[in-house]
Amino acid sequence: MAAYSLLSTLSSPFSRSPNRTPKLPPLSLTSTSKPSFLFPTRKLSLPSLHSLIFNQSKNSSNKNSSNNCIVSSAFDSFFILCTSLALSFSLFVTDVGAASAFVVTPPRKLQSDELATVRLFQENTPSVVYITNLAVRQDAFTLDVLEVPQGSGSGFVWDTDGHIVTNYHVIRGASDLKVTFADQTTYDAKVVGFDQDKDVAVLRVDAPKDKLRPIPIGVSADLLVGQKVYAIGNPFGLDHTLTTGVISGLRREISSAATGRPIQDVIQTDAAINPGNSGGPLLDSSGNLIGINTAIYSPSGANSGVGFSIPVDTVSGIVDQLVKFGKVTRPILGIKFAPDQSVEQLGVSGVLVLDAPANGPAGKAGLRPTKRDAYGRLVLGDIITSVNGKKVTNGSDLYRILDQCKVGDKVTVEVLRGDHKEKIPVILEPTPDET
């Protein structure tokens, strides 16, 4: 009986009842050369195998209870395993889009010159408009009269009164004009006036004051080759675009697309001027207007040649006259002259007068036109060799000199008449349709 009690006492730490938690003998932790929690100095005394067998036979009555505890422990382990697998799977398949909202994207870093260009475009875009040229056409089958787009271009706001400046060739032949602002609002436009010789036109729209943001007007007299320029427009009918370049030449000369009259002091630039950019502004690095984009010279026919812009100093005087009077009072001599090639074939230098109407300035002054005599022989008229002492070798020279004069000015015209030269005073007048 005593032996049985001793065995029961020794086996009690390994026996488990449903309502009692087994307790292990306390461990003694002492200081050793190795970590004491890994190598305890006190050994645990375990019961003998006979005692365990005897204890198992003794607790046979509690077998069902122990089995239930084992099943419960196994179920708990299985539940933890399943939970771990489910959590791992959810992390694997979960979309990381929600987590990306917490990722902070660093701000884009731009150089100082890039920031200046972006600011220039943003500040001046509201001043640039898109112009649609509509023309009346009759349908060949239904005979209905329709308005169809025949061209487009750009323009810019000149003042708060609704005046829009563009090229004349943009609006030429239009029966109706539409002006579209940066916010895509469209207004009907009326032609205030135009100057065919300089390819400049002024329109007017009835738009709210808050939409009319005049572009800053600069100066073109002090421009330098190599300085940066920026062209804003609507190429191909797209939204506002910006092209950049430099001034590659100054004091160039081009001919007006409408009249062939030369336009002097034109700005040459390598900034791309595409179809639709015509009439748009050419700006300097401060965002000031220095010219109107008007043409591009491309021997290959592509939009990658040399661009030309009418200088703002020329445009300002024209626009002021068009706004005030609806016309430009440019002085003329009142003559028709022969092509330059014809004069060169005669072996002389100058401008050959073909016609000088009697009611014109030259006719009143006594300049002689070219005519035929009673026998049908050609009698050459006067050949203009200089005006106010400035040499004239061709028609472009004559136009350049007249552009520096005003209506009512008295000029001295030197002509070659036969085999001698004469000086004839002429008072300049405006063209007949501008009187």
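Student: Why is Phe 337 called partly exposed?

Tutor: Let's set its value against the cut-offs. In this predicted model, Phe 337 has a relative accessible area of 26%. Buried means under 20% and exposed means over 50%, so Phe 337 falls in between and counts as partly exposed.

Student: And how do you know whether Tyr 399 is buried, partly exposed or exposed?

Tutor: By the same route. Tyr 399 has a relative accessible area of 23%. Buried would need a value under 20%, and exposed one over 50%, so Tyr 399 is partly exposed.

Student: What makes the rings of Phe 337 and Tyr 399 a pair, and which kind of pair are they?

Tutor: Their ring centres are 6.0 Å apart, and the limit for pairing is 6.5 Å, so they qualify. Their planes stand at 65 degrees. Angles over 60 degrees count as edge-to-face, so that is the name this pair gets.

Student: Where in the chain do the two partners sit?

Tutor: Phe 337 is in strand E14 (residues 336-337), while Tyr 399 belongs to helix H10 (residues 395-403). With their positions 62 residues apart, the pair links distant parts of the chain.

Student: How many aromatic pairs are there in the whole structure?

Tutor: The search finds 4. Another of them joins Phe 156 and Trp 158, with ring centres 6.4 Å apart and planes at 40 degrees.

Student: Why is the pair of Phe 156 and Trp 158 called tilted?

Tutor: Stacked rings need planes under 30 degrees apart, and edge-to-face rings need over 60. The value here is 40 degrees, so the pair is tilted. Both Phe 156 and Trp 158 are buried.

Student: Which residues have the most contacts inside the largest nonpolar core?

Tutor: Phe 156 and Trp 158 are among them, along with Val 165, Val 200, Leu 289, Val 315 and Val 319. The core has 24 residues. Helix H7 gives the most to this core, with 5 residues. Domain 1 (121-209) and domain 2 (225-323) each supply at least three residues.

Student: What does Trp 158 touch, beyond its neighbours within four places in sequence?

Tutor: Trp 158 is in contact with His 163, Val 165, Pro 214, Ile 217, Leu 289, Val 315, Ser 316 and Val 319. Of these, Val 315, Ser 316 and Val 319 are also among the buried residues of H7. As a general point, residues three or four places apart in an α-helix point the same way, because the helix has 3.6 residues a turn.

Student: How do you know what span to expect for H7?

Tutor: The expected span is 1.5 Å times one less than the number of residues. Helix H7 (residues 312-325) has 14 residues, and its expected span is 20 Å. From first C-alpha to last, H7 reaches 20 Å, close to that expectation. Just after H7, Gly 326 takes a positive phi of about 75 degrees.

Student: Is Asn 293 buried or exposed, and how do you know?

Tutor: Its relative accessibility is 0%. Buried means under 20%, so Asn 293 counts as buried. Asn 293 lies in strand E11.

Student: What makes the link between the side chains of Asn 293 and Ser 309 a polar contact?

Tutor: The distance is 2.9 Å, and the limit for a donor and acceptor pair of N or O atoms is 3.5 Å. Asn 293 also has a side-chain polar atom 3.3 Å from the backbone oxygen of Pro 281.

Student: Why is Gln 268 called buried, when its relative accessible area is 14%?

Tutor: The cut-off is under 20%, and 14% meets it, so Gln 268 is buried. Gln 268 lies in strand E9, and its side chain makes a polar contact with the side chain of Arg 252 at 2.8 Å.

Student: And Glu 422: buried, partly exposed or exposed?

Tutor: At 27% relative accessibility, Glu 422 is over the buried limit of 20% and under the exposed limit of 50%, so it counts as partly exposed. Glu 422 lies in strand E21 (residues 420-427). Its side chain makes a polar contact with the side chain of Arg 417 at 3.2 Å.

Key
Residues numbered from 1 in each chain as written. Predicted model: local features only at pLDDT ≥ 70, side-chain atom pairs only at ≥ 80, totals over all residues. Heavy atoms only, no water. Buried < 20%, exposed > 50% of the residue type's maximum accessible area, 1.4 Å probe, protein only. Helix = DSSP H or I, 4+ residues; strand = E, 2+ residues; numbered from the N terminus. Core = buried A, V, L, I, M, F, W, Y, C linked by side-chain atoms within 4.5 Å. Domains from an automatic or database assignment. Contact = heavy atoms within 4.5 Å.
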